[in-house]
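Trainee: Before the discussion begins, may I ask that each term be set against its criterion as we proceed?

Mentor: Certainly; let us take the terms in turn.

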Amino acid sequence: MHSWPALSVPAVAGTPVPLTLFDTADQSLKPVTTSGDEVGMYVCGITPYDSTHLGHAATYLTFDLIYRQLLANGHRVHYVQNITDVDDPLFERAERDGVDWRDLGTSQIDLFRSDMEALSVLPPRDYIGAMDSIEEVTEMVEVLLHKGAAYQVDHGDIYAPITATQQFGYESNYDRATMEEFFAERGGDPQREGKRDPLDALLWRGHREGEPAWESPFGLGRPGWHIECSAIATRRLGPQFAIQGGGSDLIFPHHEFSAAHAEAAFDVPRMAGHYVHTGMIGLDGTKMSKSLGNLVFVHKLLDAGYAPSAIRLAVFDGHYRTDRDFSYALIDHAVTRLDRWRENLAREISRDEAEGIVDTLRASLADDLDTKRALALIDDAPGDHSGMIATALDGLLGVRID
């Protein structure tokens with residue numbers, strides 16, 4: 001699977017500020033680990049059964065900000081993202097629409113790529129589909145079976161018990177009742193007969209009539225959702241890396257289990273140094289979701305003439321960890337703000353004054369991506385010096401004022 005085209009990111013003036021992010025597991029702000037040659041970042045990708053909506057965009061724009069802060073601080077970043085191109089929602093939507101599920105997936109992946117390119121989102125180095133990762137998934141399942149960290153039930157299904165690691169539950173910090181609620185709501189199968197515990201997660205689904213299947217040492221079938229991300233991430237970043245990210249709806253069960261699978265397979269206490277999660281985007285006070293049909297699509301905003309930088313500013317007008325509402329008033333405000341920035345930054349100020357603004361911009365974004373403070377800073381900027389602030393906005397925020 002190929003990613004979208006790479007972008008040129010301008011060098012940012014000023015003094016690097018170490019990036020601090022909130023870690024869901026530790027429930028605290030802490031510096032991102034940047035030791036070693038590269039900073040590894042894995043972000044869960046789309047299930048390609050519908051167009052990219054603003055909720056998706058807000059998540060990927062958040063991790064684009066993280067990527068940009070790390071680059072501006074002089075770090076190399078190994079960014080990996082998956083595409084769950086084999087999953088029940090994709091099959092169900094294809095059947096509903098009377099199209100082949102592969103064709104539906106391909107069309108939506110292409111649209112996602114074009115949306116990300118238009119929004120100046122830095123592409124992952126590795127962009128991997130579930131169908132690309134069958135071999136690495138089956139190898140990981142074999143390891144878990146060998147270690148006693150997986151078990152088989154009827155129909156060729158294989159499950160991971162929640163007892164496979166002693167630290168299960170550390171990533172989400174949820175109690176049992178909350179886990180059971182979210183497991184049932186978010187793709188789990190608590191009523192599956194033969195499981196040792198209702199929360200045990202599917203690693204491999206044995207072949208059923210009418211479903212796609214691949215050969216494996218344990219028979220025909222297809223990967224479970226959580227093991228897909230675990231195998232893709234650890235194959236490319238190693239068993240321990242800096243950041244695993246996604247929306248807050250992935251905290252449990254998806255990120256809890258993808259971490260647990262890696263920790264059981266590789267005997268490590270913790271897969272990611274940071275588990276970073278974005279808030280949900282709503283429309284008129286209700287979470288934006290495909291099931292509710294209240295979606296604002298990125299390509300439709302672009303077709304309506306909204307500049308990519310205005311869309312970015314509208315998303316950045318709230319903190320990435322908060323659940324927040326989108327409105328057309330918000331994006332219209334972003335358009336006005338962008339115009340005002342162009343006018344203000346056309347004035348010339350001293351180099352020292354511009355450097356001070358860039359340093360404060362760096363510090364704001366290094367503080368758990370405080371975009372609200374960053375945008376307010378530029379609102380008050382009296383001008384620029386030889387394009388220094390404009391270049392910093394491009395490099396750090398992906399916002400272009402030219």
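Trainee: What makes helix α13 (residues 388-397) count as mostly covered?

Mentor: The model is a predicted one. In helix α13, eight of the ten residues are buried, and a residue is called buried when its relative accessible area is under 20%. The buried residues are M388, I389, A392, L393, D394, G395, L396 and L397.

Trainee: Which helices do the buried residues of α13 pack against?

Mentor: They pack against α1, α9 (308-316), α10 (328-345), α11 (351-366) and α12 (371-379). Contact here requires heavy atoms within 4.5 Å. After α13 comes G398, which has a positive phi, near 70°.

Trainee: Why is D332 called partly exposed?

Mentor: The relative accessibility of D332 is 38%. Buried requires under 20% and exposed requires over 50%, so a value in between is called partly exposed. D332 therefore counts as partly exposed at 38%. This residue lies in helix α10.

Trainee: What makes the link between D332 and Y306 a polar contact?

Mentor: The side chains of D332 and Y306 are joined at 3.0 Å, and the cut-off for such a pair of N or O atoms is within 3.5 Å.

Trainee: Why is the pair of Y60 and F112 described as edge-to-face?

Mentor: By the ring-pair rule, the count comes to 15 aromatic pairs. One of them is Y60 and F112, with 5.3 Å centre to centre and 75° between the planes. Centres must lie within 6.5 Å, and planes over 60 degrees apart count as edge-to-face, so both conditions are met. The pair links distant parts of the chain, with Y60 in helix α1 (residues 54-72) and F112 in helix α3 (residues 101-118), 52 residues apart.

Trainee: How do you know that Y60 and F112 are buried?

Mentor: Y60 has a relative accessible area of 4%, and F112 has one of 0%. The limit is under 20%, and therefore both are called buried.

Trainee: Why is the pair of F168 and F257 called tilted?

Mentor: The ring centres of F168 and F257 are 5.0 Å apart, and the planes stand at 50°. Stacked requires under 30 degrees and edge-to-face over 60, so an angle of 50° makes the pair tilted. F168 lies in the loop between β7 (158-160) and α5 (176-185), and F257 in helix α7 (residues 251-266), 89 residues apart. Both F168 and F257 are buried. Ring pairs link these two with Y174, F182, F183 and F252 into a cluster.

Trainee: What makes R186 count as a charge over the ring of F182?

Mentor: The charged end of R186 is 3.8 Å from the centre of the F182 ring, and the distance limit is within 6 Å. The charged end of R321 likewise sits over the ring of F22, 4.3 Å from its centre.

Trainee: Why are β13 and β14 called edge strands?

Mentor: Three strands form an open sheet in the order β13-β12-β14, with mixed pairing. β13 (286-287) and β14 (324-326) are its edge strands, as each pairs on one side only.

Trainee: How do you know that β12 and β13 pair?

Mentor: Two bridges join strand β12 (residues 281-283) to β13, and these strands run antiparallel. Pairing needs at least two bridges, so the criterion is met. L283 has T286 in β13 as its bridge partner.

Methods: Residues are numbered from 1 along each chain as its sequence is written. This is a predicted model: local features need pLDDT of at least 70, side-chain atom pairs count only at pLDDT 80 or more; totals for chains, interfaces and linings use all residues. Side-chain values use heavy atoms; hydrogens and water are left out. Rings of Phe, Tyr and Trp (its six-membered ring) pair if their centres lie within 6.5 Å; planes under 30 degrees apart count as stacked, over 60 as edge-to-face and the rest as tilted. Helices (H or I, at least four residues) and strands (E, at least two) are DSSP runs, numbered from the N terminus. Buried means under 20% relative accessible area, exposed over 50%, partly exposed in between (1.4 Å probe, protein chains only). A charge sits over a ring if NZ of Lys or CZ of Arg is within 6 Å of the ring centre and within 35 degrees of the ring normal. A polar contact is a pair of N or O atoms within 3.5 Å; within protein, one must be able to donate a hydrogen and the other to accept it, and residues adjacent in sequence count only if both atoms are side-chain atoms.
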